[in-house]
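Dear colleague,

Please find the structure below. My notes on it follow.

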Amino acid sequence: MIEIRQIEPRMTYGIRHSVLRPHQTLEDCKHDTDHEDHAFHVGAYYQGKLVSIASFCMEKHPDFPVEKQYRLRAMATLEDFRMLGAGRLVVNYAEELIKEQGVNFLWCNGRTTVQEYYSKLGFKVHGKVFDYPPIGLHIVMFKYLDFIEADI
Ligand SMILES: CC(C)(COP(=O)(O)OP(=O)(O)OC[C@H]1O[C@@H](n2cnc3c(N)ncnc32)[C@H](O)[C@@H]1OP(=O)(O)O)[C@@H](O)C(=O)NCCC(=O)NCCS
């Protein structure tokens, strides 16, 4: 049974470090956006253990003609707890919180290695693959949070 709830920024740092930035310092795992006014963080708990995290901040991507946008950052699930639906539940939960704020657009710089994961969650690709050293290849992915199929 997976439980989803909002968590404090500091609670994301351990999984960010071990899953996303193992070759960097814990300090590198902190984002400048973590404590912004509209930023929030969501965690999935499996049998009481935090196993999946993602962070969300209000940030506009200049390519999209949508005034209010949220950005998804640092999505990660511990290796032993993948493919259980934790990541999807985290994003779905966040999408409800984002919609409650009157925002219907979510985007991320997704690693190309997990592009299919984001596609399964309803994200579409935008633009070209780009390198984001030292992490690797990324692509912008985006999603409208209403039920109307929309493209830019
Ligand atoms: C990407 C990641 C967060 C997915 O987390 P997860 O909790 O395993 O995802 P879920 O179990 O909720 O999967 C949701 C759907 O995506 C699919 N999926 C999950 N990981 C996938 C992958 N790597 N490639 C393709 N599909 C994937 C699942 O099969 C599932 O599809 P279904 O509903 O049709 O069965 C996790 O693999 C991870 O932390 N990867 C390493 C870190 C990373 O790259 N993070 C993204 C940074 S941009």
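In what order do the strands of the open sheet stand, and how are they paired? The sheet has 7 strands in the order 1-2-3-4-5-7-6, with mixed pairing; strands are DSSP runs of E of at least two residues, helices are runs of H or I of at least four, and both are numbered from the N terminus. Two strands pair if DSSP finds at least two bridges between them. Strand 1 (2–7) and strand 6 (124–132) are the edges, each with a single partner strand, so one side of each has no neighbour in the sheet.

This is a predicted model, in which local features need pLDDT of at least 70 and side-chain atom pairs pLDDT 80 or more, while totals for chains, interfaces and linings use all residues. Residues are numbered from 1 along each chain as its sequence is written.

Strand 1 pairs with strand 2 (residues 40–46) in the antiparallel sense over 6 bridges, and R5 stands opposite G43 in strand 2.

In helix 1 (13–20), Y13, I15 and R16 are buried (20 or more other C-beta atoms, placed from the backbone, within 10 Å of the residue's own). These residues cover an arc of only 165° around the axis, which puts them on the same side of helix 1; the arc is that of the directions from the helix axis to the C-beta atoms.

The ligand is surrounded by 20 residues, of which T77, R82, G87, R88 and E116 are the closest; a residue counts as near if its C-beta atom, placed from the backbone, lies within 6 Å.

With kind regards

Note on methods: A residue is buried if 20 or more other C-beta atoms lie within 10 Å of its own, exposed if 12 or fewer, and partly exposed in between; C-beta atoms are placed from the backbone.
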